[in-house]
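Work through the exercises below with the sequence and the model open beside the text. Each task is followed by a solution that proceeds step by step.

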Amino acid sequence: MLPNLTPDVELAATLFDELRAKSFDGVGITREAYGPGERMAHALLAETAETLGLEKKADPVGNLYVTLPGADRAAKRVILGSHLDSVQQGGNFDGAAGVLAGLAAVAGMKRAGFTPARDVTVMAIRAEEAGAWFPTSYPGSRGALGTLAASELAVKRTDSGRSLADHMAEEGLDPGFVRRGEKVITPDNTAAYLEVHIEQGPVLEAEQIPVGIVTGIPGSRRLRAARVLGEYNHSGGTPRKYRRDAAMALAELAVALDEEWVRLEALGNRLVVTFCVMGTTAEAGFTKIPGEAVFQLDVRSLNLHCCDRIYELLYEKTAEIAARRGVRFELGSEGGSQPSPMDAGVQAALRRAAETLGVRHLVMPSGGGHDAAAFAQAGIPAGMLFVRNQHGSHNPKEAMRIEDFAEACKVAQHFAAEYGA
């Protein structure tokens, strides 16, 4: 039987406030990946770990590890982690909630004089929000796991135009670690990875349930720089049959894909189809027929066959619309990711913890990508807990309630104390 452990949620609340105060940009929160904001957050965690008497160290790509030693130091550790960077003008809880949940869990264990069977490590991961800063996925966690390709060090940060390698070096880190294919986290030294994260959608709030146990992270197929090329012409002087209207062609494509999404969902499939950007270019204006339109497309599902079906229709419709409307589609390069189911054993342990503690929970898939996907793909048993969150994420209005956070902390702490004990 485990002792009656309580996470130190008050400590976490204080650190949330300090993070907000130190990274408020006038509108929301900005903690740049491999930049000053993220550096500040990592320094705050390191300082707190020292105050608590916990072990701390950083790896060559900048991830920070804060450890409560276990009874068997040779046993595989349990990692509780997430990220401390944010999107520009984002919210204070996305990412930080997972790091501070881990810290609250181990601080509560230490305060109670509890020694876990194995090391419990809180990991503050670098650059999870890479999509907002660098055009690559999870460089911090994949750098630690040895799955970040050396070629990805050359990608440029969107605001500075400088490479990931340059920004790592500026932070006093070692991009050569990636080039050499080295790693610090492996299935041989890590028993499980658990990530607490705010839910980025409305499900838990709508269902009035504080915690979600995540079944998997979706795969995706994405277009970041697609466009439709038609012909600019006078809006009053050009009859319909002579028009090559790029905006109408794009609108027709969007409606077709949306209708296919409805059809696939009616058959019991779960997916999302998002035109993240749809617009005409700077040359467009009043009295002009749009000669160019741009778009970004993000299709996600735990079942990649659903993504494939949307893309099959995409290719069918672009050919058909182009021929009928006299336009040309240029889709550009495609990106994406593989789906990552969460480990069945970790999910079962989380359910047991929630049931033991009387924490109401919902078993649900993730909609967004998270570092847990990188761990799962590297062969580390991975799991996630969602915390009910108001007003979505990646915006200044994130409004996670501290009492919901406390419920997730309790489950995470029980999991870490019990897993493999």
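## Exercise 1: backbone outliers

Task: decide whether Y138 is buried or exposed, and state where Y138 is placed.

Solution. Y138 has a relative accessible area of 15% and is therefore buried, where buried means under 20% relative accessible area, exposed means over 50%, and partly exposed covers what lies in between (1.4 Å probe, protein chains only). The model is a predicted one, in which local features need pLDDT of at least 70 and side-chain atom pairs count only at pLDDT 80 or more, whereas totals for chains, interfaces and linings use all residues. Residues are numbered from 1 along each chain as its sequence is written, and side-chain values use heavy atoms, with hydrogens and water left out.

The next step is to place Y138, which is found in the loop between α4 (130–133) and α5 (139–145); helices (H or I, at least four residues) and strands (E, at least two) are DSSP runs, numbered from the N terminus. The last step concerns the backbone: most residues other than glycine have a negative phi. Y138 is not a glycine, yet its phi is positive, at about 50 degrees.

Task: carry out the analysis for T287, and give its phi.

Solution. T287 is not a glycine either, and its phi is positive at about 75 degrees. T287 belongs to the loop between β10 (272–280) and β11 (288–289), and because its relative accessibility is 39%, T287 counts as partly exposed.

## Exercise 2: aromatic pairs

Task: how many aromatic pairs does a search of the whole structure find, and how are the rings of F16 and F405 arranged?

Solution. The search of the whole structure gives seven aromatic pairs, a pair being two rings of Phe, Tyr or Trp (its six-membered ring) with centres within 6.5 Å, and planes under 30 degrees apart counting as stacked, over 60 as edge-to-face and the rest as tilted. For F16 and F405 the centres are 5.2 Å apart and the planes make 75 degrees, an edge-to-face arrangement. This pair links distant parts of the chain, since F16 lies in helix α1 (residues 9–23) and F405 in helix α13 (residues 402–418), 389 residues apart. Both F16 and F405 are buried, and ring pairs join F16, F93 and F405 into a cluster.

Task: explain why the pair of Y193 and F375 is classed as it is.

Solution. The ring centres of Y193 and F375 are 3.8 Å apart and the planes are at 5 degrees, so the pair is stacked. Y193 is in strand β5 (residues 190–198) and F375 in helix α12 (residues 371–377), so the pair ties together parts that are 182 residues apart in sequence. Y193 is buried, at a relative accessible area of 0%, and F375, at 0% relative accessibility, also counts as buried.

## Exercise 3: helices packed against α13

Task: describe how α3, α1 and α11 each pack against α13, giving angles and axis distances.

Solution. Two packed helices are described by the angle between their axes and the distance between the axes. Axes are lines fitted to C-alpha atoms, for helices over the stretch in contact, and angles run from 0 to 180 degrees between N-to-C directions.

Begin with helix α3 (residues 96–111), whose axis comes within 9 Å of that of α13 and crosses it at roughly 60 degrees. α3 and α13 are therefore oblique to each other, given that angles under 35 degrees count as roughly parallel, over 145 as roughly antiparallel, 65 to 115 as roughly perpendicular and the rest as oblique. On the α3 side the residues that meet α13 include A97, L100 and A104, and on the α13 side they include F405 and C409, contact meaning heavy atoms within 4.5 Å.

Continue with α1, which packs against α13 at an angle of about 130 degrees, with the axes 10 Å apart; that makes α1 oblique to α13. Here V9, A12, A13 and F16 in α1 meet I402, F405, A406 and C409 in α13.

Finish with helix α11 (residues 344–357), where the angle with α13 is about 120 degrees and the axes are 9 Å apart, and the two helices are therefore oblique to each other. Among the residues in this contact are V346, A349 and L350 of α11, and K410 and V411 of α13.
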